[in-house]
Structure formats: C-alpha cells, structure tokens
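Trainee: I'm new to this one and a bit lost. Please pick a single part and walk me through it slowly, then show me how it fits with the rest.

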Amino acid sequence: MASELKRPPLQADERTALIGWLDLQRQILRWKCEGLSDEDAHRSLIPTSPAMTMAGLISHMRWTEHMWLEVLFLGGDEKQNPSFDQSNEDTDWHTDGRTLAELLAEYEAQCARSNEIIHAASLDDTGRHPDFRAGSANLRWMLIHLVEETGRHAGHADIIRELLDGTKGYY
C-alpha cells in the first residue's frame, strides 16, 4: 500500500493547518479502502464491535461530519442524522446494504459540504443548535474535534485493513 499523501505545510495559518490536518485524515480513511471488495469492506472482524467494519467506519464518519457541521454548527435538523437515533445504538455505523463505492461517494460529498461550511465561517463563530451543549462550541473547537475523531478512526481503519488482508501503511 503506497500513498501520495502529504502533510499540511509546516508554516501555515491556523485555518490552513486545521483544514489541512482534517483533509489528511479524511484522505487516509479513503486510502485504507482502496482495493477492498464490498465483501471485505462489510466484513466484521471485532466480535465485541460488529458494526466496526471498513464500510461502517466510512458511514460513521460521513454522519459525524454532518452532525458537527450541519446540525450543531449550522443548527440543522438532527432528525436527518442517524447519530441522534436514541432507539438504536450505533445507527450511523449501519450501512443498509450500500456498497463501499456508494458510502465513499456519500462521505466525499459530505466532506465537500463540510468544507463549504468551514470556508464560509470564522473560526470564532459558534454553533447554532440550542438543544445540545456542544452546539455552543466555536468552529475552531469543532474542527479540532473532527481532526481527533477522524484521526482516531483512521487508526481503526489501519487495524481493520491489516486484519482483512495484511496490508499495512501510513504514508
């Protein structure tokens, strides 16, 4: 597994650095999916976390971006996001039979939408969703959280990919 991924510039303003690190972690998630069959992408390897598949990770991260930027930051309707479904734990990890290609396309579209939201706002702007405490965080805080969340799940993707076919690599 060879990669063309590059880190953000060593000398960058805050916005460039934050978006650069977030984009890098997003790229790593997509890269870890390269060459996987749909069967492998949906294969559950962790008995205590059956939804943690490569496909499940991509679904979860799509909805995580939506939750933080469209719901909590912009004040959108949480009912459109399965992360808020209290009746079924980990609903955002469920892929409902969608192919890996479909899930990656949805994730890509959500990342593009997230970037539009980020570019249109100040890092000091605060979230607008009144019903959730985290909705009062500023965009800077939300971006740092998204870098952390995406990076953590990129690490999960490293392990899942290695368990699936022995493929390793980070850069």
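**Arg30 and the charged pairs**

Mentor: Let's start with Arg30, which counts as partly exposed, at 22% relative accessibility. Buried would mean under 20% and exposed over 50%, so a value of 22% falls in between. Keep in mind as we go that this is a predicted model.

Now, what does the side chain of Arg30 meet in a salt bridge? The partner is Glu108, with 3.1 Å from N to O. Arg30 sits in helix H1 (residues 14-33) and Glu108 in helix H4 (residues 100-119), so this pair ties together parts that are 78 residues apart in sequence. Find both helices on your screen and you'll see what is being joined. As for cover, Glu108 is also partly exposed, at 39% relative accessible area. The general idea is simple: side chains of opposite charge can pair when their charged atoms come close.

Stay on helix H4 and move along to Arg113, which lies there too. Arg113 makes a salt bridge with Glu70, and their closest N and O atoms are 3.9 Å apart. Glu70 belongs to helix H3 (residues 54-73), so here the pair links parts 43 residues apart in sequence. Arg113 is partly exposed as well, at 31% relative accessibility.

Arg113 also has a partner in its own helix. Glu116 forms a salt bridge with Arg113, the closest N and O atoms being 3.5 Å apart. Both of these residues are in helix H4, three residues apart, or about one turn of the helix. That means Arg113 pairs with Glu70 and with Glu116.

There's also a linked group to look for: Arg62, Asp96, Arg98 and Glu106 are joined in a network of salt bridges. Across the whole structure, a search finds 16 salt bridges, so you have plenty left to hunt for on your own. As for the charges in general, the protein has 17 positive and 29 negative ones, and the mean positions of the two sets are 4 Å apart.

Before we zoom out, take a quick stop at helix H2 (residues 38-41), where you'll find Asp38. Asp38 is partly exposed, with 35% relative accessible area. Leaving aside residues up to four places away in sequence, Asp38 touches Thr99, Leu100 and Ala101. Asp38 and Met54 are 16 residues apart in sequence, and their C-alpha atoms are 9.6 Å apart in space.

So where does all this sit? The protein has five helices and zero strands, and along the sequence the pattern reads α-α-α-α-α. Its radius of gyration is 16 Å, close to the 16 Å that the globule rule gives for 171 residues, so the protein is as compact as a globular protein of that length. The C-alpha trace spans about 45 × 45 × 25 Å along its principal axes.

The pairs between helices have company, too: among contacts between residues at least 6 apart in sequence, 72% join residues at least 24 apart. Of the 171 residues, 46% count as buried. The accessible surface comes to about 8,800 Å², and 50% of it belongs to carbon and sulfur atoms.

Notes:
Residues numbered from 1 in each chain as written. Predicted model: local features only at pLDDT ≥ 70, side-chain atom pairs only at ≥ 80, totals over all residues. Heavy atoms only, no water. Helix = DSSP H or I, 4+ residues; strand = E, 2+ residues; numbered from the N terminus. Rg over C-alpha atoms; globule rule 2.2 N^0.38 Å. Buried < 20%, exposed > 50% of the residue type's maximum accessible area, 1.4 Å probe, protein only. Contact = heavy atoms within 4.5 Å. Areas by Shrake-Rupley, 256 points an atom, 1.4 Å probe, with all protein chains shown as cover. Lys, Arg positive; Asp, Glu negative; His and termini not counted. Charge placed at Lys NZ, Arg CZ, Asp CG, Glu CD. Salt bridge = Lys/Arg side-chain N within 4 Å of Asp/Glu carboxyl O.
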